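Biologist: I've just opened this one and I'm not sure how to read it. Could you walk me through it?

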Amino acid sequence: MCYIWQNPTVPAEEVTLATLEKIPHVIDNLNISGGEPTLRRDLAEIVDVVYPKARVVEISSNGLHPERLEPIVRKHPHIKIRFSLEGFGDTNNQIRGEDDGFAIKVEGLRKLRELGGTDLGFAAVIQDGNVDELVSLYEFARNNGFEFSTSALHNAFQFHKNDNYPYDRMRLARQVERLITEMLKTHSVKAWFRAYMNLGLIRKILGQDRLIPCTAATDFVFIDPWSDVYACNVRPDLLMGNLSRQSWDDVFSGQLATRIRDQVAACNQNCWMVTTARTAMRSHWAPKLPKMQPLSWVLKNRLRVTVGLSVDFSAIDYTKVLPDREVSLRPSFFQTAFKRVVQHAADSHYRQGEFFNR
Ligand code: SF4
């Protein structure tokens with residue numbers, strides 16, 4: 001799903017604590033992502049710097065070194081932790097190239113809960129190789145008191161990868177419908193809105209336009225390992241500035257920021273990632289509250305499910321589905337040796353290219 005691991009950063013060039021200090025104390029959601037955040041030896045210090053700045057701070061990890069998160073959870077029990085998990089047993093191992101990943105992650109989250117963690121869960125990327133386990137995985141997470149968030153395959157410059165596409169799009173979409181129905185049957189408001197998020201994922205999987213226009217560069221940004229601030233992590237041409245050399249206000253004001261917001265408004269990528277879709281679903285002025293579009297869909301369909309009716313999927317046009325890809329399935333990378341490709345400082349950090357997300 002991503003080749004960041006083949007393009008490791010040089011630690012001395014990575015974003016510093018002093019740069020992260022420049023982030024103002026007005027952030028709603030701040031996601032510390034990767035690569036793999038637990039590889040930063042000063043992750044605990046990073047969390048100490050950003051924790052007071054945001055209502056919710058999240059660490060997205062592969063979950064293979066949960067012990068590195070233990071001191072953080074002890075100190076900040078309400079921090080949000082999500083471990084990438086693509087399925088049970090072999091499914092997870094084959095997709096992620098892990099050895100016994102499922103057991104390590106489940107045990108890791110249990111340990112973090114024992115230490116006081118309150119917002120712990122799994123994150124799965126819906127794809128051909130795991131979609132049949134999707135609903136069972138969700139039920140497993142629920143039954144064990146863990147959260148479960150989903151995304152779908154995307155292409156992005158940050159991933160160094162541009163060939164992530166589903167193959168059997170219709171099969172994926174129908175399974176996500178099942179997940180949505182299960183989420184709406186619960187008594188969790190969070191799950192109901194996740195159902196809407198998954199509705200957007202169906203559109204993404206089928207190659208259709210986003211449910212809600214993108215708010216990149218206005219309601220969210222992506223800070224890369226070199227402190228470069230981009231409108232999002234998909235398009236490398238939407239560079240707004242550099243937080244190590246500029247102030248936060250300089251990055252967000254001025255002609256360049258205005259021009260990039262205009263480019264975002266005209267962007268025809270159909271990405272629907274957790275962080276960006278969640279932001280689009282929320283009110284600009286009161287980010288804790290949803291916009292009217294998701295709110296009305298949630299209320300209507302929660303009611304329908306409560307009275308025994310099926311969910312209304314009319315937001316999806318099943319006559320407009322991109323054809324399945326006629327290429328062979330990718331090989332498994334499990335237990336395969338790769339030569340490390342180191343990116344040099346003189347590079348512009350990313351292999352430039354077009355990133356199409358249909
Ligand atoms: S829709 Fe365009 S601007 Fe928004 S996140 Fe996707 S690529 Fe970036």
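What follows is a chat about the sheets, the helices beside them and the ligand.

Modeller: Happy to. Keep in mind that this is a predicted model.

Biologist: Let's begin with the main sheet. In what order do its five strands come?

Modeller: Look for who pairs with whom. Here the five strands make an open sheet in the order β1-β2-β3-β4-β5, with parallel pairing. The edges are β1 (27–32) and β5, each with a single partner strand, so one side of each has no neighbour in the sheet. Going from one strand to the next, the twist averages 25°.

Biologist: Which residue stands opposite asparagine 31?

Modeller: That's glutamate 58, in β2. Five bridges hold the parallel pair of β1 and β2 (residues 54–61).

Biologist: And how many bridges join β4 to its partners β3 and β5?

Modeller: Five bridges join β3 (residues 80–84) to β4, and six join β4 to β5 (residues 147–152). Both pairings are parallel. To find examples on screen, pick lysine 80, whose bridge partner in β4 is aspartate 119, or alanine 124, whose partner in β5 is threonine 150.

Biologist: Is β4 mostly covered or uncovered?

Modeller: Mostly covered: of the eight residues in β4 (residues 119–126), six are buried. As for side chains, in a regular strand they alternate between the two faces of the sheet.

Biologist: Which helix links β4 and β5 into a β-α-β unit?

Modeller: Follow the chain out of one strand, along the helix and into the next strand. Helix α6 (residues 134–143) makes a right-handed β-α-β unit with β4 and β5.

Biologist: Which strands does helix α5 lie across?

Modeller: Compare the directions as well as the positions. Helix α5 (residues 101–114) lies across β3 and β4, and runs at about 170° to β3. Helix α8 (residues 189–206) also packs on the sheet, where α8 touches β4 and β5 and makes about 20° with the direction of β5.

Biologist: What do the buried residues of α11 pack against?

Modeller: First, the general idea: an α-helix has 3.6 residues a turn, so residues three or four places apart point the same way. In α11 (274–281), seven of the eight residues are buried, among them Val274, Thr276 and Met281. The buried residues pack against β1, β5, α8 and α12 (292–306).

Biologist: There's a second sheet too. In what order do its three strands come?

Modeller: They form an open sheet in the order β6-β7-β8, and the pairing is antiparallel. At the edges are β6 (222–223) and β8 (239–242), so each has one side without a neighbour in the sheet. Three bridges join β7 (residues 228–230) to β8; in one of them, tyrosine 230 has leucine 239 as its partner.

Biologist: Now the ligand. Which residues surround it?

Modeller: Including Cys214, Cys232, Arg235, Cys267, Gln269, Cys271 and Thr276, the list also has Ala216 and Val264. By type, the shell has eight nonpolar residues, two polar and one charged.

Biologist: Why does glutamine 269 count as buried?

Modeller: Count the neighbours: 20 other C-beta atoms lie within 10 Å of glutamine 269, so this residue is buried, 20 being enough to qualify. Glutamine 269 sits in the loop between α10 (255–265) and α11. Leaving out residues up to four places away in sequence, glutamine 269 touches Val234 and Asn357. Sequence and space can tell separate stories: cysteine 214 is 55 residues away from glutamine 269 along the chain, and 9.4 Å away in space, C-alpha to C-alpha.

Methods
Residues are numbered from 1 along each chain as its sequence is written. This is a predicted model: local features need pLDDT of at least 70, side-chain atom pairs count only at pLDDT 80 or more; totals for chains, interfaces and linings use all residues. A residue is buried if 20 or more other C-beta atoms lie within 10 Å of its own, exposed if 12 or fewer, and partly exposed in between; C-beta atoms are placed from the backbone. Helices (H or I, at least four residues) and strands (E, at least two) are DSSP runs, numbered from the N terminus. Two strands pair if DSSP finds at least two bridges between them. A crossover is right-handed if, with the strands pointing away from the viewer, the path from the first strand over the helix to the second runs clockwise. Axes are lines fitted to C-alpha atoms, for helices over the stretch in contact, and angles run from 0 to 180 degrees between N-to-C directions. Two residues are in contact if their C-beta atoms, placed from the backbone, lie within 7 Å. A residue is near a molecule or strand if its C-beta atom, placed from the backbone, lies within 6 Å of it. Ala, Val, Leu, Ile, Met, Phe, Trp, Tyr, Cys and Pro count as nonpolar, Asp, Glu, Lys and Arg as charged, and the others, Gly among them, as polar.
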